[in-house]
Amino acid sequence: LGPSKSMFPYTDWRRYLVEGWSISGMTSVYGGDPLAIYPQFNNTGGVGQALRVNTLPGVDPSVPNPRPDLWFNPLAFTQPDDFTIGNASRTHSSLRAPGSQNHDLSLSKRFALQADRAVEFSAVAFNFVNHANWTDRDTMIGPASAPNANAGKIIGSRGSRVIQLGLRYSF
């Protein structure tokens, strides 16, 4: 919104309030990564470090409407027997972590006072829509004797709105 582009036909002080504004923004949208499901206990005596869980045939690990209190079906997996690695792949082909999105907005206005002096106002809002991004999935599957109560749940989020205001005097 610059000189001679104003929608307001004012020629007095009101013109300086509406002209010269600058707005910019940035949006980032990411898809979720494949989930890696791990057994809660390493029962190999430390010999095997990359343990995997066992999958139960016929049990779907996906849920119809994933939500933080149940992102995937933990009953589709079991802790492998002692001294075995597990039969599941490292990451599950149909299970993905939640995606994330971030929307930033910047607004600034420069007020020219004289040829060599100006005041600049700026307002920057990070995640200005205050969108929460789900994080911290609990992908540890415990044995039947000590199940992990949080398996399949999302227990955290990030992404609060942050607003910065600035005023700069240039001379």
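The following legends describe close-up views of a predicted model.

**View 1. The largest cavity and the residues around it.**
The count of cavities of 30 Å³ or more comes to 1 in this predicted model. The largest cavity holds about 30 Å³ of space. Its lining is made of Ile37, Val53, Phe77, Ala88, Ser89, Arg90, Thr91 and His92. By class, this lining of the largest cavity comprises 4 nonpolar, 3 polar and 1 charged residues. In general terms, rolling a probe the size of a water molecule over the atoms shows where empty space is left.

**View 2. The second largest pocket.**
The volume of the second largest pocket is about 170 Å³. Its lining consists of 13 residues, and those closest to the centre of the pocket are Pro74, Leu75, Phe77, Ile141 and Gly142. Two elements, strand S4 (77-78) and strand S8 (140-141), give two or more residues to this lining. Sorted by class, the lining of the second largest pocket has 9 nonpolar and 4 polar residues, with no charged residues. Phe77 is named among the residues closest to the centre of this pocket, and Phe77 also lines the largest cavity.

**View 3. A nonpolar patch on the surface.**
Ile23, Leu105, Leu107, Phe128 and Val129 together form a nonpolar patch on the surface. The accessible area of these residues together is about 400 Å². One of the members, Leu107, belongs to strand S5, which covers residues 100-114. Leu107 counts as partly exposed because its relative accessibility is 33%.

**View 4. The salt bridge between Arg67 and Asp69.**
A search of the whole structure finds 3 salt bridges, and one of them joins the side chains of Arg67 and Asp69. The N to O distance in this salt bridge is 2.9 Å. Arg67 has a relative accessible area of 39% and is therefore partly exposed. Its partner Asp69, at 45% relative accessibility, also counts as partly exposed.

**View 5. The salt bridge between Asp116 and Arg117.**
Arg117 and Asp116 form a salt bridge in which the closest N and O atoms are 3.9 Å apart. The relative accessibility of Arg117 is 36%, so this residue counts as partly exposed.

**View 6. The salt bridge between Glu120 and Arg168.**
The side chains of Glu120 and Arg168 meet in a salt bridge, with an N to O distance of 3.0 Å. This pair links distant parts of the chain, the two residues being 48 residues apart. Glu120 lies in strand S6 (residues 117-126), whereas Arg168 lies in strand S10 (residues 162-170). Glu120 is partly exposed because its relative accessibility is 24%.

**View 7. Two asparagines with positive phi in the loop between S6 and S7.**
Most residues other than glycine have a negative phi. Asn127 has a positive phi of about 55° although it is not a glycine. Asn127 is placed in the loop between S6 and strand S7 (133-137). A relative accessible area of 2% means that Asn127 is buried. Asn130 lies in the loop between S6 and S7 too, and its phi is positive, at about 60°. Asn130, at 40% relative accessibility, counts as partly exposed.

**View 8. Ala125 and Ser106.**
Ala125 is located in strand S6. With a relative accessible area of 13%, Ala125 is buried. The C-alpha atom of Ala125 is separated by 6.3 Å from that of Ser106, and the two residues are 19 residues apart along the chain.

**View 9. Gly86 and Arg168.**
Gly86 is part of the loop between S4 and S5. The relative accessibility of Gly86 is 26%, so this glycine counts as partly exposed. Gly86 and Arg168 are 82 residues apart along the chain, and their C-alpha atoms are separated by 61 Å. Arg168 is also the partner of Glu120 in a salt bridge.

Terms used. Residues numbered from 1 in each chain as written. Predicted model: local features only at pLDDT ≥ 70, side-chain atom pairs only at ≥ 80, totals over all residues. Heavy atoms only, no water. 1 Å grid on protein atoms, 1.4 Å probe; cavity = no way out; pocket = protein on both sides within 12 Å on 5 of 7 lines; lining within 4 Å. Points joined across faces, edges and corners; volume = space filled by probe spheres on them. Nonpolar A, V, L, I, M, F, W, Y, C, P; charged D, E, K, R; others polar. Patch = residues over 30% accessible without salt bridge, like charges linked within 9 Å, V, L, I, M, F, W, Y side chains within 5 Å. Areas by Shrake-Rupley, 256 points an atom, 1.4 Å probe, with all protein chains shown as cover. Salt bridge = Lys/Arg side-chain N within 4 Å of Asp/Glu carboxyl O. Helix = DSSP H or I, 4+ residues; strand = E, 2+ residues; numbered from the N terminus. Buried < 20%, exposed > 50% of the residue type's maximum accessible area, 1.4 Å probe, protein only.
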